[in-house]
Amino acid sequence: MLPRKILRLASRGYCTHLTKEIFSQQRKVALQDKVSKLHRARPAYTTRGVIDEDKVGLLKRAAVLVPLVLVNKEPSFLYTARSSNLRSHGGEISFPGGKFDSVDKNAEDAALRETEEELGIQRHSFDIWAQLPSLQGRDGKTAITPVIALLKEPLVLSDLRPNSEEVSSVIICTVAELCQEKNQAFTQFGSGYTLPIYFGQQTHINIKPKIWGLTAIITHLTLNALVPEMYKLKLPFVKKIRVSNKLK
């Protein structure tokens with residue numbers, strides 16, 4: 001079903017800069033606690049697309065890595081713009097990842113392998129923080145498990161080796177800008193649910209991205225767990241405005 005409306009949020013101008021302490025060991029433990037609560041809350045948990053654990057095994061499996069990276073001393077998320085030549089989701093902004101391969105024992109293996117293949121970052125360079133609940137892919141037949149991981153050393157963009165067959169560009173969005181309301185919106189669907197949208201900042205090294213769909217849901221869940229005191233995006237349902245016959 002097509003979205004009914006896209007609503008922008010008014011900016012309050014907060015959360016303009018964060019320190020690397022956002023990626024501290026203390027934050028890791030707090031995030032893991034919040035993520036464990038998400039898992040325990042199911043099946044009552046109502047985030048769009050979350051799959052009950054007992055149904056995950058009935059679907060095809062895929063995983064994405066949610067890379068937490070420090071770029072120029074700024075805590076950030078790393079995204080990729082998928083190559084327009086790809087048959088699936090070409091040109092969209094996504095996290096690195098893909099379907100399970102025969103060598104993958106679990107979601108962590110699949111996410112790290114795909115990230116290494118797409119960006120040239122060796123898997124041992126990451127510290128795994130947590131796995132979010134699995135989400136249903138757009139095809140309705142795939143369970144996608146997001147794996148949150150911290151790159152142990154600051155990221156130097158020139159060191160990346162993107163696979164041009166899969167990745168057209170690398171997108172860096174700071175945690176601070178993702179927390180700013182001027183960079184947030186939500187899409188409302190007629191059936192009564194809303195999904196988040198984020199707008200990255202234009203720089204000399206990347207396009208200004210629109211992050212939506214499953215990638216936006218994963219971003220929303222991760223920010224809620226990582227910086228709940230700073231991230232304030234809510235996803236309300238806005239009732240349809242009815243026009244009186246007298247006004248027609």
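Helix 3 buries Ala-107, Ala-110, Ala-111, Leu-112, Arg-113, Glu-114, Thr-115, Glu-118 and Leu-119, where buried means under 20% relative accessible area, exposed over 50% and partly exposed in between (1.4 Å probe, protein chains only). Helices (H or I, at least four residues) and strands (E, at least two) are DSSP runs, numbered from the N terminus. The model is a predicted one: local features need pLDDT of at least 70 and side-chain atom pairs count only at pLDDT 80 or more, while totals for chains, interfaces and linings use all residues. Residues are numbered from 1 along each chain as its sequence is written, and side-chain values use heavy atoms, with hydrogens and water left out.

Those buried residues of helix 3 pack against strand 2 (60-71), strand 3 (74-82), strand 5 (97-99), strand 6 (126-131), strand 8 (142-151) and strand 9 (167-174). The helix length checks out too: the 13 residues (107-119) should span 18 Å at 1.5 Å a residue, and the end C-alpha atoms are indeed 18 Å apart; the expected span is 1.5 Å times one less than the number of residues. At the N-terminal end, Asn-106 acts as the cap, with a side-chain oxygen 3.3 Å from the backbone nitrogen of Glu-108. Just past the other end, Gly-120 takes a positive phi of about 80°.

Strand 3 is next. With 9 of its 9 residues buried, strand 3 is largely enclosed by the rest of the structure. Both faces are covered, with Glu-74, Ser-76, Leu-78, Thr-80 and Arg-82 buried on one side and Pro-75, Phe-77, Tyr-79 and Ala-81 buried on the other. As for partners (strands pair if DSSP finds at least two bridges between them), strand 3 runs antiparallel to strand 2 over 4 bridges, and Val-69 has Ser-76 of strand 3 as its bridge partner. The hairpin of these two strands has 2 residues between them, and Asn-72 there takes a positive phi near 50°. Strand 9 is also antiparallel to strand 3, joined by 7 bridges, with Ala-81 opposite Ser-169. Strand 4 (residues 93-94) adds 2 antiparallel bridges, and here Thr-80 stands opposite Ser-94.

Helix 5 (residues 213-226) also fits its expected length, since 14 residues at 1.5 Å each should span 20 Å and the end C-alpha atoms are 20 Å apart. This helix is largely enclosed by the rest of the structure, because 12 of its 14 residues are buried; among them are Ile-217, Ile-218, His-220 and Leu-221.

Now for the cores, each a set of buried Ala, Val, Leu, Ile, Met, Phe, Trp, Tyr and Cys residues joined through side-chain atoms within 4.5 Å. The largest has 45 residues, and Phe-77, Tyr-79, Leu-226 and Val-227 have the most contacts inside it. Helix 5 supplies the largest share of this core, 7 residues. Apart from it lies another core, of 19 residues, which includes Val-71, Ala-111, Phe-126 and Ile-172. Leaving aside neighbours within four places in sequence, the contacts of Tyr-79 (heavy atoms within 4.5 Å) include Ile-93, Phe-95, Val-170, Leu-178, Thr-215 and Thr-219.

Finally, Val-56 sits in helix 2 (residues 53-56) and counts as buried because its relative accessibility is 3%. Not counting residues up to four places away in sequence, Val-56 touches Ile-51, Arg-61, Ser-134 and Ala-143. The C-alpha atoms of Val-56 and Ser-134 are separated by 7.4 Å, although the two residues are 78 residues apart along the chain.

Conventions. A polar contact is a pair of N or O atoms within 3.5 Å; within protein, one must be able to donate a hydrogen and the other to accept it, and residues adjacent in sequence count only if both atoms are side-chain atoms.
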